[in-house]
Amino acid sequence: MAASRSTSKSFHVYLNGRTLEGGGQLVRIAIGLSASTGRPVSIDHVRGNREGKKGLKRSHAAAVKLLAEISGSKVSGGEVGSQFLNFFPQSTRSKSGPLLDLSHVTVKSEYDIKLSTAGAIFLVFQALYPYLLHVGSQATAHFVKVTITGGTNASYSPSYDYAAQVMVPNFAKLGLPPLSIILHKRGWTTGPVDLGSVTFLIHTLGSRYNLDGENRPEESLERDRAAEPVCSFPRINLMDHKRGEVTQIDITVLAPDQPTLNANAEEGGGSTVRQFIEQFTQHTLRREMRKLDPSIFAKRSTSRPAEEDAPETSSKDTPVPIKIHTSEATNHRSHVYILLVAHTSSGFRIGHDILGGIGGDRLAKPRNKGKQKNQQTQDPRQDPQNEIAFSAAGHLVRRCVEGFIREISDESPNAQPDRKPASPSKRACLDSHMRDQVVVFEALGKACHAGGGDTDATDTETLEDERGWTLHTKTAQWVCWQMLDV
């Protein structure tokens, strides 16, 4: 690693914020692990690798402030624009493990967090989630309820749709407790300021309640109170899970219903931008899927069940069903979002999404009806704004499908043709963005189970193909290495 590693002898951890990706993810993971372990952390050169203004942005400062309030930690340098940050947890670390002693932790059952801007809700959640998973068992309810107001579809952040369709089922498959996400209203960081709201229902590790909501027997609770709570993050090894074959592909489209184009385009026409995106995405997917190795896809059953209510492509040359999972009209040209999700035979979800716009400042308004009678109807295909909108929509579709195809193909998306893995390896069961979301839980599980007989992989054991790791994944691993010594 480029930076010097903090040793286990140094309880206080010092991080260079310019390491690797050098952005906000480094800060979020560091403070989340600091609150969870009781180890103070200092970060200098915050977001030092970012272009333009360095230091904490509003969403980063909000995450620091909220986690400090929830965990009772002290902070200096937590204001917007600060290029240094000191985070000092006040809770006592457990004597039997790397995390906090829960007998000295107080946590509420419900939190209501309101961001002042459409900052990314899921980036704030990323900082809070590991801590609440661990300490939430001290709450009086069988889950911790967290409502966050801000941006649900934000640039450089997991969207609500990706979190609900990809993150939640993958976390459950890897052994984390159930997580429910309820969308109240969408909020966009692009275009006009529009705040949304999401509620998270976090079933915690070692909860004093069963997952069905029933209280555990009082004698069981008394035993837990008498004994020091133990660390219970599950041990996660992605190489224990098969990637599986793709069984189904879901499409989510959020786009305006204007402008309209009442004629078929050359490749997948539609009367509105949203309908065009739906049809053009399915057309492009079918075309690109035919180029892939057939072994990627599960074989279709000869006796298929009755058709579901959800629309599905009926093309015989489609290897697996392609369905419209969600299709919603938006109210601004900058509010366009596409998500593609592959279901696999091993139970995982592989996703890829894109957020963008189709040009112009606002949607077209209906003309005055009285004037329309005396005006000749204009062919919508001759409107240059319409042409720009549909061209931009097509470009977004092609980019999204291209990225998705890289995710489901046999080859790691970041692999270089002239760079071969150093030893026998296989690709993980997750997409590249989900991969970096799992790192912190891998590290926590490893730290909790250290000394339990687990050993590093041998020369004959299958290793993960590191060529699929993004810079975000490597950064997350480095921060965890510093904070947890694993």
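A residue counts as exposed when its relative accessible area is over 50%, and as buried when that figure is under 20%. Keep those two cut-offs handy for this tour of a predicted model.

**Stop 1: Tyr 156**

Select Tyr 156. Buried or exposed? At a relative accessible area of 84%, Tyr 156 is exposed, because that value is over 50%. You'll find Tyr 156 in the loop between β6 (144-150) and α4. Check its backbone too: phi is positive, about 55°, although Tyr 156 is not a glycine.

**Stop 2: the largest pocket**

Stay where you are and turn on a pocket display. The largest pocket holds about 1500 Å³ of space. It is lined by 50 residues, and Tyr 156 is among the closest to its centre, along with Ala 154, Ser 155, Ser 157 and Pro 158. Now colour the elements around it. α1 (24-37), α2 (58-71), α3, β12, α8 (384-408) and α9 (432-448) each put at least two residues into the lining. Which of them gives the most? That's α8, with six residues.

**Stop 3: His 352**

Next, pick strand β12 (residues 349-356) and find His 352 in it. His 352 has a relative accessible area of 13%, so it falls under the 20% cut-off and is buried. Show what touches it, skipping residues up to four places away in sequence: Ile 338, Leu 339, Leu 340, Arg 399, Cys 400, Gly 403, Phe 404, Glu 407 and His 433.

**Stop 4: Arg 47**

Jump to the loop between β2 (41-44) and α2, where Arg 47 lies. Here is another residue that is not a glycine yet has a positive phi, about 55°. Buried or exposed? Arg 47 is buried, with a relative accessible area of 7%. Draw a distance from its C-alpha to that of Gly 24: the two are 23 residues apart along the chain, and the C-alpha atoms are separated by 5.9 Å. Gly 24 is also one of the residues Arg 47 touches. Others in that contact list, which leaves out residues up to four places away, include Gly 17, Gly 22, Gly 23, Lys 53, Lys 54 and His 60.

**Stop 5: Leu 33**

Move on to helix α1 and select Leu 33. Its relative accessibility is 0%, so Leu 33 counts as buried. Leaving aside neighbours within four places, Leu 33 is in contact with Gly 38, Val 440, Leu 444, Cys 480, Met 483 and Leu 484. Leu 99 is worth a click as well: it is 66 residues from Leu 33 in sequence and 8.8 Å away, C-alpha to C-alpha.

**Stop 6: the cysteines**

You already have Cys 480 on screen as a contact of Leu 33. Cys 480 is buried at a relative accessible area of 2%, and Cys 429 is buried at 0%. How many disulfides does the structure hold? Zero.

**Stop 7: the largest core**

Nonpolar side chains in soluble globular proteins tend to be buried together. Here, the largest nonpolar core has 89 residues, and those with the most contacts inside it are Leu 132, Phe 200, Ile 202 and Phe 441. Highlight helix α3 (residues 121-135), which gives the most to this core, with eleven residues. The core takes at least three residues from each of domain 1 (13-208 + 230-239 + 430-451 + 468-484) and domain 2 (244-298 + 318-361 + 384-408). For a close-up, centre on Leu 132: beyond four places in sequence, it touches Ile 70, Val 107, Tyr 111, Val 144, Val 146, Ile 202 and Thr 204. A second, separate core has 34 residues, including Phe 276, Ile 296, Val 336 and Val 397.

**Stop 8: the cavities**

There are three cavities of 30 Å³ or more. The largest has a volume of about 170 Å³. Of its 17 lining residues, select the closest to the centre: Gln 126, Pro 130, Gln 437, Val 440 and Phe 441. α1, α3, α4 (160-173) and α9 each give two or more residues to this lining, and α3 gives the most, with six.

**Last stop: zoom out**

Show the whole cartoon. The protein has ten helices and 14 strands, and buried residues make up 53% of its 486 residues. Among contacts between residues at least 6 apart in sequence, 76% join residues at least 24 apart.

Note on methods
Residues are numbered from 1 along each chain as its sequence is written. This is a predicted model: local features need pLDDT of at least 70, side-chain atom pairs count only at pLDDT 80 or more; totals for chains, interfaces and linings use all residues. Side-chain values use heavy atoms; hydrogens and water are left out. A nonpolar core is a set of buried Ala, Val, Leu, Ile, Met, Phe, Trp, Tyr and Cys residues joined through side-chain atoms within 4.5 Å. Buried means under 20% relative accessible area, exposed over 50%, partly exposed in between (1.4 Å probe, protein chains only). Helices (H or I, at least four residues) and strands (E, at least two) are DSSP runs, numbered from the N terminus. Domain bounds come from an automatic or database domain assignment. Contact means heavy atoms within 4.5 Å. A disulfide is a pair of cysteine sulfur atoms within 2.5 Å. On a 1 Å grid over the protein atoms alone, a cavity is a set of points where a 1.4 Å probe fits but cannot get out, and a pocket is an open set with protein on both sides within 12 Å along at least five of seven lines; lining residues have an atom within 4 Å of a point. Grid points are joined across faces, edges and corners, and a volume is the space filled by probe spheres set on the points.
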